[in-house]
Amino acid sequence: FVLGMENVYIDDRQDRYSLSGVSASISFMDQAAPAESRLQWEGMSLYRLDFGPGNIRLESSGRDIRVVAWQDVGVLDGTLQINNLSLKNVGSADFEVLLDGVLTPVSMQAFTQAMDWPLFSGKLSSVISGLKYSHNRIDMDGDIQVRVFNGEVILRGLRVWDVFSNYSTLA
């Protein structure tokens, strides 16, 4: 599979996500030797959150893809740093995504305003380790540490079912 594109705009009809100014040179080969790819975008949104520009380099081998270089991406007034991002079994029913990263402080006022919630004060930051997406479900092997309201909240054993449906279940 080889794909090249320049300055493409992608919008989900249900307003769940969008990408603007996408340029890519993507190669996936069913071989042992890794194939290199690149993907960059000018802007992105996920539900109501806006992200800044991004630029990543990927390596693929067989049905697996791994990010080898990541430009930190702005999220509201913070930054998303990715330490590990890999996709396994791409194109199969056993597709999964593995993620470790850090969200640097985002003002709660900016976050709650973007989510159309009542306004809160303070900062939101997080260390995300062991996030796994598979079969429309998110599981956390590690903790999500959230620093907010001059304190800390630690989420352990987080599970989310039916991630891309209108009504997800959170435990």
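Select Leu46 to begin the tour: Leu46 belongs to strand β4, which covers residues 43–46. Strands here are DSSP runs of type E with at least two residues, numbered from the N terminus. The model is a predicted one, in which local features need pLDDT of at least 70 and side-chain atom pairs count only at pLDDT 80 or more, while totals for chains, interfaces and linings use all residues. Residues are numbered from 1 along each chain as its sequence is written, and side-chain values use heavy atoms, with hydrogens and water left out.

Leu46 counts as partly exposed because its relative accessibility is 41%. Buried means under 20% relative accessible area, exposed means over 50%, and partly exposed lies in between (1.4 Å probe, protein chains only). Now add Ile10, Tyr17, Tyr47 and Phe164 to the selection; together with Leu46 they make a nonpolar surface patch of about 440 Å². Residues of a patch have over 30% relative accessible area and no salt bridge; nonpolar side chains (Val, Leu, Ile, Met, Phe, Trp, Tyr) are joined within 5 Å, and like charges within 9 Å. The areas come from the Shrake-Rupley method with a 1.4 Å probe, and for residues only the protein chains shown count as cover.

Next, turn to the interior. In soluble globular proteins, nonpolar side chains tend to be buried together. The largest nonpolar core of this model has 36 residues, and those with the most contacts inside it include Leu49, Leu85 and Phe111. Such a core is a set of buried Ala, Val, Leu, Ile, Met, Phe, Trp, Tyr and Cys residues joined through side-chain atoms within 4.5 Å. Select Phe111: apart from residues up to four places away in sequence, Phe111 touches Leu49, Leu76, Val106, Trp117 and Leu124. Contact means heavy atoms within 4.5 Å.

Move to strand β11, residues 123–134, and select Ser125. Is Ser125 buried or exposed? Ser125 is buried, because its relative accessible area is 10%. Outside the residues up to four places away in sequence, Ser125 touches Leu103, Thr104, Pro105, Gln145, Val146 and Arg147.

Asp143 is the next stop, in the loop between β12 (137–140) and β13 (144–148). Asp143 is partly exposed, with a relative accessible area of 24%. Leaving aside neighbours within four places in sequence, the contacts of Asp143 are Val127, Ile128, Ser129, Ile154, Leu155 and Arg156. If the C-alpha atoms of Asp143 and Trp117 are both shown, their separation is 25 Å, with the two positions 26 residues apart along the chain.

Follow β13 onward to β14 (residues 151–155): the two run antiparallel and are joined by five bridges. Two strands pair if DSSP finds at least two bridges between them. Val148 has Gly151 in β14 as its bridge partner. β13 and β14 form a hairpin with two residues between them, and Phe149 in the turn has a positive phi of about 55 degrees.

A second hairpin comes from β6 and β7, also with two residues between the strands; Gly62 in its turn has a positive phi of about 60 degrees. Six antiparallel bridges pair β6 with β7 (residues 64–70), and Glu59 stands opposite Arg66 in β7. On the covered face of β6 (residues 54–61), select Gly54, Ile56, Leu58 and Ser60; the uncovered face holds Asn55, Arg57, Glu59 and Ser61. β6 also pairs with β3 (residues 35–41), in the antiparallel sense over seven bridges, and Ile56 is the bridge partner of Leu39.

The last stops concern charge. Side chains of opposite charge can pair when their charged atoms come close. How many salt bridges does the structure hold? The structure holds six, a salt bridge being a side-chain nitrogen of Lys or Arg within 4 Å of a carboxyl oxygen of Asp or Glu. Select Arg16 and Asp12, whose side chains form one at 2.9 Å, N to O; Asp12 is buried, at 10% relative accessibility.

Finally, select Arg137, Asp139 and Arg159, which are linked in a network of salt bridges. The closest N and O atoms of Arg137 and Asp139 are 2.9 Å apart. Asp139 is buried at 16% relative accessible area, whereas Arg137 is partly exposed at 28%. In the salt bridge of Arg159 with Asp139, the closest N and O atoms are 2.9 Å apart. Arg159 lies in strand β15 (residues 159–161) and Asp139 in strand β12, so this pair ties together parts that are 20 residues apart in sequence.

Note on methods:
Helices (H or I, at least four residues) and strands (E, at least two) are DSSP runs, numbered from the N terminus.
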